[in-house]
Amino acid sequence: MSQDNRWLHDLREAFIKYNNEEFNVTPDDALLTLATANDITESSTISIGYTTMEDHEDYELTAVIDLEQKQFITTVNGANYEEKEVLQYQSYQDIIDDLQTCTFDDFMRNDFDYDKIIQKDKQMGLQNKSKEERDMVVLHDLGISIHELIQDKEFYLSVTDLYDTNKTDDITISALEPDDIGSDYAFYIFSENHGLSSLDHLIQFPEYPNGEMKEQVLQQQLAKKVELYTYDGTFEVDAEWLEKNIEDMELGEFLNSYTWDEAEWLRDLHAKEQNEKGISKKTEPDMEM
């Protein structure tokens with residue numbers, strides 16, 4: 001074997017070792033790795049692995065080694081935006097050493113700012129949407145239902161000022177009634193520092209992608225009463241009680257999609273609980289002398 005090809009042989013062996021230790025479970029897995037290794041050439045790009053971002057399963061993190069450029073490339077892929085991190089190897093021996101000593105977790109470590117990536121992905125995804133579609137995306141992300149806003153409920157946010165990070169800004173989310181603007185409701189925000197703006201402006205704030213904005217909305221929702229529509233009218237319940245009784249759904253999502261049958265069931269459940277509390281109160285022993 002020539003000296004020029006020796007590194008390629010060693011690299012293939014290291015690639016097989018890495019895959020056998022990190023991924024391969026069955027003999028078929030090992031055979032597939034062997035076949036992949038035999039196809040590696042000086043110009044190959046070899047896969048190191050992939051995973052999804054923690055808490056954001058729509059975003060995939062992939063890692064590859066470009067042998068021709070001697071580069072280790074990690075990429076975050078969203079629906080509308082991707083970002084790469086490239087590390088340069090000095091020699092093929094450095095690549096071989098990494099394959100021999102690094103684990104999957106070692107390879108997948110990175111310095112990506114995930115909040116900014118999610119923010120850019122959202123912004124690019126909204127570019128070709130209408131204003132109404134952009135509004136719906138933002139309301140969904142924040143867990144706010146249209147039903148809440150058209151009942152004259154407002155939400156208040158404390159955020160970092162976009163133009164001066166040393167300041168805070170107070171934001172109000174609200175809706176304009178049809179009589180004010182035409183046939184449909186319009187949703188907007190009012191910034192204490194910068195005035196009126198469209199709802200999708202919220203995506204630019206750092207508190208949007210990192211979940212802080214959604215958490216502020218949720219705390220306000222739980223402190224309010226919610227009106228639900230049934231076949232023969234409406235009834236009110238505490239938002240906190242409602243959230244506890246809608247399994248596996250966020251409050252805003254439920255309010256945007258619930259049926260009258262579900263509302264009837266919740267009304268009956270709530271009435272039953274209230275009756276049981278009343279009976280319990282009546283049967284408590286009188287401790288007064």
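This report describes the largest pocket of a predicted model and two buried acidic residues.

Residues are numbered from 1 along each chain as its sequence is written. Because the model is predicted, local features need pLDDT of at least 70 and side-chain atom pairs count only at pLDDT 80 or more, while totals for chains, interfaces and linings use all residues, and side-chain values use heavy atoms, without hydrogens and water.

The largest pocket holds about 640 Å³ of space. A pocket is an open set of points on a 1 Å grid over the protein atoms alone where a 1.4 Å probe fits, with protein on both sides within 12 Å along at least five of seven lines; lining residues have an atom within 4 Å of a point. The volume is the space filled by probe spheres set on the points, which are joined across faces, edges and corners. The lining has 30 residues, and His 56, Ile 118, Lys 122, His 140 and Asp 141 lie nearest the centre. Strand 2 (56-66), helix 5 (114-126), helix 6 (131-142) and helix 11 (251-257) each give two or more residues to this lining. Helices (H or I, at least four residues) and strands (E, at least two) are DSSP runs, numbered from the N terminus.

Asp 66 is in strand 2, and Glu 85 is in strand 4 (residues 82-88). Both are buried (under 20% relative accessible area, 1.4 Å probe, protein chains only). Neither has a salt bridge (a side-chain nitrogen of Lys or Arg within 4 Å of a carboxyl oxygen of Asp or Glu). Each side chain reaches a backbone nitrogen.

| Residue | Nearest side chain of opposite charge | Backbone nitrogen reached |
|---|---|---|
| Asp 66 | Lys 84, 9.4 Å | Glu 68, 3.1 Å |
| Glu 85 | Arg 109, 11 Å | Asp 111, 3.0 Å |

Terms used:
Buried means under 20% relative accessible area, exposed over 50%, partly exposed in between (1.4 Å probe, protein chains only). Lys and Arg count as positive and Asp and Glu as negative; His and the chain ends are not counted. A polar contact is a pair of N or O atoms within 3.5 Å; within protein, one must be able to donate a hydrogen and the other to accept it, and residues adjacent in sequence count only if both atoms are side-chain atoms.
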